[in-house]
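Colleague: I have the sequence and the coordinates open side by side. Could we go through the model by question and answer, beginning with a single residue and ending with the chain as a whole?

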Amino acid sequence: MASAYGPVVPTSPSRCTLRPLDAGAVRLDPGGLLGSWQARNAAATLPHCIEQLDVRGNLRNLRRVTGEADGAFSGMWFADSDVYKTLEAAFWDLGRSGGGDPAFRAEVTALLEKAQDPDGYLDSYYQTDHRDRQWSELHYSHEMYCAGHLIQAAVAAARAAAGDEAGQQLVGVARRFADLLVRRYGPDGADGICGHPEIETALVELYRVTGHRPYLALAARFVELRGHGLLGGDRFGPRYFQDHAPVRHAREVAGHVVRQVYLLAGAVDVAVENGDAELLAATERLWESALASRTYLTGGQGSRHRDEAFGDPYELPPDRAYAETCAAIGSFQWAWRLLLATGRVRYADAMERFLYNGIAVGIGQSGREFFYANPLQLRTGHDGSDEDAPTQRLPWYSCACCPPNLARLMASLHHYTATGDARGLQLHLYASGRYASAGRTIEVSGDYPWDGRISITVRATDERPWTLALRVPDWCASARLSVNGAEFGAPAQAGYLRLARTWQPGDRVELVLAMPPRLIAAHPRVDAVRGTVALARGPLVYCLEHLDVPEALSGAVFEDIELDPAGPVQAVPAAGLAPVRLTATVSARGSTDDDLYRPLDPAARPAATGAVVSSVPYFLWANRAAGPMRVWIPLAGPAAP
């Protein structure tokens with residue numbers, strides 16, 4: 001295996017504060033939550049995606065190019081990208097476990113090489129029925145978007161499967177396409193950008209793998225060309241494509257969320273490799289724009305279904321949240337790059353929020369059903385006929401970007417948990433497992449995020465002093481730390497507790513993060529949830545599900561349930577769906593009449609019936625039966641209408 005490992009590996013000269021760990025440095029314990037997600041991904045999600053590529057016609061589309069299949073093109077015109085994301089997941093899984101599905105990797109890579117044009121072009125939609133339109137509709141075509149996912153699959157092959165014949169073959173396919181892009185759109189070529197950013201991150205990573213600087217230069221060129229109107233008119237307008245303002249000068253995030261966050265992830269990559277402080281500052285400014293007023297409590301982003309877009313500031317309706325799973329994944333990847341670049345704890349905090357809520361909700365417990373959009377409320381009588389807003393997860397989608405995106409993230413999830421260098425190890429996401437860097441190895445155990453007690457044992461070390469840095473999450477008001485039973489009293493520095501010492505094998509560190517239940521209120525400008533609260537504990541947002549309405553309220557309409565702010569909120573051990581549930585006192589008040597609108601008369605409200613209700617983590621909703629759900633719960637009170 002190559003030493004540099006993971007989807008994001010900045011070069012040594014790059015302007016980065018933190019460094020990802022080497023190959024084999026992290027092994028997640030399948031008994032922990034993140035490790036169980038990885039194991040489920042390998043056992044269920046990845047095989048399911050491979051099966052669906054065959055069933056849905058994605059692979060047949062490529063075989064049409066080689067003459068091995070006929071019939072009409074199947075699926076979206078960018079269906080090749082789902083093949084590439086699944087292939088990327090398969091290579092990361094090979095690097096993680098040494099196993100996976102070698103037949104899939106070998107057969108698909110051989111098919112791609114056979115389907116590729118002599119000049120390097122590869123796109124089954126445009127190689128068959130639409131050859132006359134190649135490169136002529138960049139706002140729409142996704143040609144470079146697909147190329148980007150092909151390249152990222154090749155990056156996974158190069159890093160996780162060094163010496164693997166199929167991996168080497170895939171790198172060759174990807175480089176031929178990348179070389180074509182350099183010839184066509186490099187400094188001596190045409191001015192052009194893809195309507196769906198993604199190629200930027202891929203080209204930078206291919207540069208990091210190969211050392212071939214024209215790939216980095218092309219990525220930088222694509223970032224600089226964005227915002228100059230190159231994509232022309234479209235019914236959604238230039239903001240949809242982030243083509244309304246150059247990245248360096250944009251003041252706020254805009255347009256299609258996935259496109260925006262992929263673009264900014266690529267801009268961070270370019271900035272750190274080129275030492276471009278101005279560009280990096282622009283990405284941080286746009287991060288603040290997104291997180292300050294356009295991000296749901298769950299980390300979801302995108303309040304508009306029409307164009308899958310960010311809305312206006314504080315436009316965050318829970319029942320109309322689009323909050324696409326791919327958007328949360330893209331923001332997670334953007335945050336990781338900003339964390340590596342700056343070392344700022346805010347980005348690790350956001351990664352945790354995205355992962356445990358906005359990303360995890362996208363996949364069911366079986367690993368074979370998925371949400372595309374992720375509302376924070378599902379109403380009684382919801383019409384689930386719209387594919388992007390069903391009442392339950394679906395096994396696949398006509399636009400199937402999310403399932404294979406989840407597969408590739410989960411296969412590489414261990415890469416995002418920690419960083420390290422000669423100075424020491426930094427833990428950002430707490431997960432049971434083994435972590436190593438520079439000849440030092442630690443084991444992490446505990447039941448996080450269900451329990452705030454995290455134990456760390458030093459298994460191997462050298463004789464030099466080094467620093468173990470442990471993140472104190474932004475939701476944690478109190479943290480206790482001990483070393484070999486002795487309390488460590490130093491405060492957190494910039495969000496991390498830093499233990500600098502000469503370590504010995506067997507040294508034991510215990511971190512206890514206070515994790516009481518919390519009631520959270522939104523900013524008053526979020527009109528859609530004014531007068532409501534949400535339940536949370538640790539990094540997890542909770543929700544009420546119809547199945548947990550107590551018998552005392554069985555006759556009530558789900559939307560009439562209100563939370564008593566004076567009642568206790570308790571964390572309760574539970575069996576089944578979640579090891580820890582939150583309980584709260586609620587009541588239900590029916591309407592005084594059937595009028596849709598009526599004058600406010602608090603005295604006329606009917607008496608409430610009280611009961612204790614149990615809530616589940618948001619990421620686990622809809623795993624039992626279809627029905628209403630809500631994150632934001634109205635507060636009970638005599639003045640409430």
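Modeller: Glutamate 308 sits in the loop between α12 (277-293) and α13 (325-342). Keep in mind throughout that this is a predicted model.

Colleague: Is glutamate 308 buried or exposed?

Modeller: Its backbone is notable, as phi of glutamate 308 is near 50°, a positive value in a residue other than glycine. The relative accessibility of glutamate 308 is 17%. Buried means under 20%, so glutamate 308 counts as buried.

Colleague: Which residues does tyrosine 314 touch, leaving out those up to four places away in sequence?

Modeller: Tyrosine 314 is also placed in the loop between α12 and α13. From its C-alpha to that of alanine 578 is 31 Å in space, with the two positions 264 residues apart in sequence. With sequence neighbours up to four places away left out, the residues that tyrosine 314 touches are Ala292, Ser293, His523, Arg525 and Val526.

Colleague: Glutamine 242 has a positive phi as well. What is its relative accessible area?

Modeller: Glutamine 242 is found in the loop between α10 (213-225) and α11 (257-274). Its phi is about 55°, although glutamine 242 is not a glycine. The residue is buried, and its relative accessible area is 2%.

Colleague: How are the rings of tyrosine 240 and phenylalanine 241 arranged?

Modeller: A pair of aromatic rings is described by the distance of the centres and the angle of the planes. Both tyrosine 240 and phenylalanine 241 are buried. Their ring centres lie 4.9 Å apart and their planes meet at 85°. Planes over 60 degrees apart count as edge-to-face, so this pair is edge-to-face.

Colleague: How many aromatic pairs are there in total, and what is the plane angle for tryptophan 77 and phenylalanine 78?

Modeller: The count comes to 26 aromatic pairs. In one of them, the ring centres of tryptophan 77 and phenylalanine 78 are 5.0 Å apart, and the pair is edge-to-face. Tryptophan 77 and phenylalanine 78 are both buried. The angle between their planes is 80°.

Colleague: Which peptide bond is cis, the one that leads to proline 449?

Modeller: Proline 449 lies in the loop between β6 (440-446) and β7 (453-460). The residue before the bond, tyrosine 448, belongs to a cluster linked by ring pairs, together with Trp37, Tyr356, Tyr430, Trp450 and Phe619. Omega is near 5° for the cis bond, which runs from tyrosine 448 to proline 449.

Colleague: Where does alanine 534 lie, and which residues does it touch, not counting those up to four places away?

Modeller: Alanine 534 is part of strand β14 (residues 532-537). It is buried, with a relative accessible area of 0%. Its C-alpha is 34 Å from that of histidine 196, which is 338 residues away along the chain. Beyond four places in sequence, alanine 534 touches Leu297, Arg518, Leu519, Ile520, Val631 and Trp632.

Colleague: What class of accessibility does valine 182 fall into?

Modeller: Valine 182 lies in helix α8 (residues 165-185). It touches Pro214, Tyr215 and Leu218, residues up to four places away in sequence not being counted. Between valine 182 and alanine 219, 37 residues apart in sequence, the C-alpha to C-alpha distance is 9.5 Å. With 21% relative accessibility, valine 182 counts as partly exposed.

Colleague: Now the whole chain. Why is it called as compact as a globular protein of its length, and what is its radius of gyration?

Modeller: The chain contains 15 helices and 21 strands. For 641 residues the globule rule gives 26 Å, and the value for the chain is close to that, so it is as compact as a globular protein of that length. The C-alpha atoms fill a box of roughly 75 × 65 × 45 Å along the principal axes. The radius of gyration is 25 Å.

Colleague: What share of the residues counts as buried?

Modeller: The accessible surface of the chain is about 23000 Å², and 50% of that belongs to carbon and sulfur atoms. Of contacts between residues at least 6 apart in sequence, 69% join residues at least 24 apart. The buried share of the 641 residues is 61%.

Colleague: How far apart are the centres of the positive and negative side chains?

Modeller: The chain carries 62 positive and 73 negative side chains. The centres of these two sets are separated by 5 Å.

Conventions. Residues are numbered from 1 along each chain as its sequence is written. This is a predicted model: local features need pLDDT of at least 70, side-chain atom pairs count only at pLDDT 80 or more; totals for chains, interfaces and linings use all residues. Side-chain values use heavy atoms; hydrogens and water are left out. Helices (H or I, at least four residues) and strands (E, at least two) are DSSP runs, numbered from the N terminus. The radius of gyration is taken over C-alpha atoms; the globule rule is 2.2 Å times the number of residues to the power 0.38. Buried means under 20% relative accessible area, exposed over 50%, partly exposed in between (1.4 Å probe, protein chains only). Contact means heavy atoms within 4.5 Å. Accessible areas come from the Shrake-Rupley method with a 1.4 Å probe; for residues, only the protein chains shown count as cover. Lys and Arg count as positive and Asp and Glu as negative; His and the chain ends are not counted. The place of a charge is taken as NZ of Lys, CZ of Arg, CG of Asp or CD of Glu. Rings of Phe, Tyr and Trp (its six-membered ring) pair if their centres lie within 6.5 Å; planes under 30 degrees apart count as stacked, over 60 as edge-to-face and the rest as tilted.
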